[in-house]
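Trainee: Could you take me slowly through one part of this structure, and explain each term as you use it? I would like to see how a single helix sits among its neighbours.

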Amino acid sequence: MMLSIKDVTNFFLCKNIPNSKYEITHLKLQKLLYYAQAWHLAIFDGRPLFDEDFEAWVHGPVNREIYEVYKGYGYNILPVCSSEISLNITEEQKKLLEEVWISYGSFTGKYLETLSHQERPWLEARGGIKANETSTNVISKDKITDYYKLLLS
């Protein structure tokens, strides 16, 4: 069962702990979503966690749909999810998302941005675009898969 990016967003927002190293800003959320997709693609032979794409923006990989929902928060902490939210996530998906949270959840959005800027999928999607220029270039799922599979081996 493929999730939507909104399902994965809700999963991470339920992990949000304001005023701690586990607080989630919009920047951090975008990177958590990207890394969840990246590791799922690598571990499950190119099968995406969700269908939605990421674009190679100035501040790293960004999903436009989620950007539109949370852009009003700027660099402020996002709201914690409501406990009434029902997450339709398989045990396999939950295990992967928990691992992503353990691996990346304590880092700031800025740190995760810097990390993503060093990785080939974002760099290749940016091509020759200057660091401060906008881009709507999609980061290819195939390139994400290949890169993160290399990291696994």
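Mentor: Let us begin with the residues of helix α7 that are hidden from solvent, namely K141, I144, T145, Y147 and Y148, which are the buried ones. Buried here means under 20% relative accessible area, while exposed means over 50% and partly exposed lies in between, using a 1.4 Å probe and protein chains only. Helices are DSSP runs of H or I with at least four residues, strands are runs of E with at least two, and both are numbered from the N terminus.

Before going further, please keep in mind that this is a predicted model, in which local features need pLDDT of at least 70 and side-chain atom pairs count only at pLDDT 80 or more, whereas totals for chains, interfaces and linings use all residues. Residues are numbered from 1 along each chain as its sequence is written, and side-chain values use heavy atoms, with hydrogens and water left out.

The helix itself covers residues 141-152, and its 12 residues, at 1.5 Å a residue, should span 16 Å, which agrees with the 16 Å between its end C-alpha atoms. The expected span is 1.5 Å times one less than the number of residues. At the N-terminal end, S140 acts as a cap, with a side-chain oxygen lying 3.1 Å from the backbone nitrogen of D142. This is a polar contact, that is, a pair of N or O atoms within 3.5 Å; within protein, one atom must be able to donate a hydrogen and the other to accept it, and residues adjacent in sequence count only if both atoms are side-chain atoms.

What lies over the buried side of α7? The cover of its buried residues includes α2 (26-43) and α6 (120-126), where contact means heavy atoms within 4.5 Å. T145, which belongs to helix α7, gives a good example, since this residue counts as buried because its relative accessibility is 7%. The side chain of T145 reaches back to the backbone oxygen of K141 at 2.7 Å. Leaving aside residues up to four places away in sequence, T145 touches L41, A42 and G46.

Now turn to the aromatic side chains. A pair of aromatic rings is described by the distance of the centres and the angle of the planes. Rings of Phe, Tyr and Trp (its six-membered ring) pair if their centres lie within 6.5 Å, and planes under 30 degrees apart count as stacked, over 60 as edge-to-face and the rest as tilted. A search of the whole structure finds 14 aromatic pairs. In one of them, the rings of W39 and Y148 have their centres 4.9 Å apart and their planes at 75°, so the pair is edge-to-face. This pair joins distant parts of the chain, with W39 in helix α2 and Y148 in helix α7, 109 residues apart. Y148 is buried, with a relative accessible area of 0%, and W39 is also buried, with a value of 17%. Ring pairs link both of these residues into a cluster with Y34, Y35, F50, F54, Y104 and Y147.

To gather the picture, the buried residues of α7 include T145 and Y148, T145 touches L41 and A42 among others, and the ring of Y148 pairs edge-to-face with that of W39.
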